[in-house]
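User: I'd like to learn how to read a protein model feature by feature. Could you walk me through this one?

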Amino acid sequence: MISMSHGINLTIAYSTLATRASNICLPQLGANTEVLVCVQGGDVSSYPNLAEARIIPVPGLGVAKSRNVSMDQARGRYLLFCDDDVVVNLPGIEEAVRYLENCGRALALGQGVGPNGFARKSYSRAVQRLTRLNSAKAATYEMLIDLNQVRAAGVRFDEQFGAGAELYLGDEYVFIADLLDSGLAGDAIPVVFGTHPDESSGSRWGTAEDMRARAAAINRVFGRWSFWARLAFGLKNWSKMGGWQAMPAFLADGTRSGVVDVVPRMVEAGARVEP
């Protein structure tokens with residue numbers, strides 16, 4: 001793990017593949033900001049020349065691996081997770097850093113807009129304390145963390161979730177739930193962090209793989225109460241899931257981080273569910 005540099009307060013960490021790294025559009029950087037580009041796949045010689053960035057090769061696949069490496073390598077106290085198709089709103093990020101400095105939370109969850117400038121989802125206009133019940137739609141590029149607190153608490157991304165893994169979504173939700181379990185706190189704030197294309201992994205609905213990934217994330221977050229959480233989720237989203245006929249399989253899905261139980265294992269509420 002790299003120690004924090006006194007002159008750097010903010011790290012913006014992009015996660016990408018070698019074949020996509022050239023898509024990154026770096027923001028104009030302030031004097032106290034650094035950029036990491038965590039690259040998976042390909043040969044180091046094929047990586048793009050991003051003069052203002054530190055290029056970090058990451059072995060294996062899975063965006064959660066890359067996020068964890070960025071937490072190890074960041075020199076700033078505050079870390080913004082980013083993807084190669086995001087255009088960062090640096091003034092918004094700087095506002096969020098000031099928010100965390102003033103309130104002492106470990107996580108600020110911002111907002112994203114699409115290419116048309118409109119919000120990508122429904123956001124609150126007021127600050128909201130994060131809980132398991134209101135953070136499931138979090139996107140990684142909306143997450144700014146205080147690394148001092150997160151490292152001290154030992155919070156990491158579960159590498160069995162997220163793009164590049166079989167359970168290709170839910171990594172952000174699981175991370176936030178683990179952060180809250182550790183005793184840390186976070187807020188959703190009405191500040192735009194960046195622009196993202198309309199399509200994302202969270203916008204895929206209705207396939208067996210999608211339902212399994214969503215069930216696994218819910219099971220990981222809610223433990224012994226996961227059946228009731230899946231029921232509430234299904235009642236709210238049944239039309240996007242493919243209709244009522246999809247509900248029985250979803251309610252019976254006890255997938256835990258890549259392992260399937262027809263009847264979910266009972267664990268203590270809020271406990272970490274290991275594979």
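**Confidence before detail**

Analyst: Happily! Start with confidence: over residues 258–275 the pLDDT stays under 50, and for that stretch the model has 41 contacts beyond four places in sequence. Keep in mind that this is a predicted model.

User: What does the protein chain average in pLDDT?

Analyst: The average for the protein chain is 87, and 89% of the residues score at least 70.

User: Now the strands. How do I read burial for a strand, and how many residues of strand 9 are buried?

Analyst: The general idea is to look at relative accessible area, where buried means under 20%. In strand 9 (residues 186–195), seven of the 10 residues are buried, so this strand is largely enclosed by the rest of the structure. Strand 6 is mostly covered too, with seven of its seven residues buried.

User: In which sense do strand 6 and strand 9 run, and how many bridges join them?

Analyst: For pairing, look at the bridges and at the direction of the two strands. Strand 6 (residues 107–113) runs parallel to strand 9, and six bridges join them. Two individual pairs help you find the place: Ala108 has Asp187 as its bridge partner in strand 9, and Gly112 has Gly194.

User: Which strand is joined to strand 6 by three bridges?

Analyst: That is strand 8 (residues 143–146), which runs antiparallel to strand 6. Follow Ala108 again: its bridge partner in strand 8 is Leu144, while its partner in strand 9 is Asp187.

User: And which short strands pair with strand 9 in the antiparallel sense?

Analyst: One of them is strand 5 (residues 87–88), which pairs with strand 9 over two bridges. There, Val88 is matched with Gly194. Strand 7 (residues 128–129) is also antiparallel to strand 9 and is joined to it by two bridges. In that pairing, Arg129 has Asp187 as its bridge partner.

User: Let's turn to helices. Is helix 4 enclosed or open, and why?

Analyst: Count the buried residues along the helix. For helix 4 (residues 171–181), 10 of the 11 residues are buried, so the helix is largely enclosed by the rest of the structure. Among them are Tyr173, Val174, Phe175 and Ile176, along with the acidic Asp171, Glu172 and Asp178.

User: What do the buried residues of helix 4 pack against?

Analyst: They pack against helix 1, strand 6, strand 8, helix 3 (147–153), strand 9 and helix 5. Just after helix 4, look at the backbone as well: Gly183 takes a positive phi of about 100 degrees.

User: How would I read a single residue, say Ala64? Which residues does Ala64 touch?

Analyst: Place the residue first, then check its cover and its contacts. Ala64 sits in helix 1 (residues 63–73) and counts as buried because its relative accessibility is 1%. Leaving out residues up to four places away in sequence, Ala64 touches Phe157, Asp158, Glu159 and Phe161. The C-alpha atoms of Ala64 and Gly162 are separated by 6.0 Å, although these residues are 98 apart along the chain.

User: Finally, the surface. Which residues make the nonpolar patch?

Analyst: Trp225, Phe227 and Trp228 make a nonpolar surface patch of about 360 Å². Trp225 lies in the loop between helix 5 (208–222) and helix 6 (226–237). With a relative accessible area of 45%, Trp225 is partly exposed.

Definitions and conventions:
Residues numbered from 1 in each chain as written. Predicted model: local features only at pLDDT ≥ 70, side-chain atom pairs only at ≥ 80, totals over all residues. Heavy atoms only, no water. Patch = residues over 30% accessible without salt bridge, like charges linked within 9 Å, V, L, I, M, F, W, Y side chains within 5 Å. Areas by Shrake-Rupley, 256 points an atom, 1.4 Å probe, with all protein chains shown as cover. Salt bridge = Lys/Arg side-chain N within 4 Å of Asp/Glu carboxyl O. Helix = DSSP H or I, 4+ residues; strand = E, 2+ residues; numbered from the N terminus. Buried < 20%, exposed > 50% of the residue type's maximum accessible area, 1.4 Å probe, protein only. Pairing = 2+ DSSP bridges. pLDDT = per-residue confidence, 0-100. Contact = heavy atoms within 4.5 Å.
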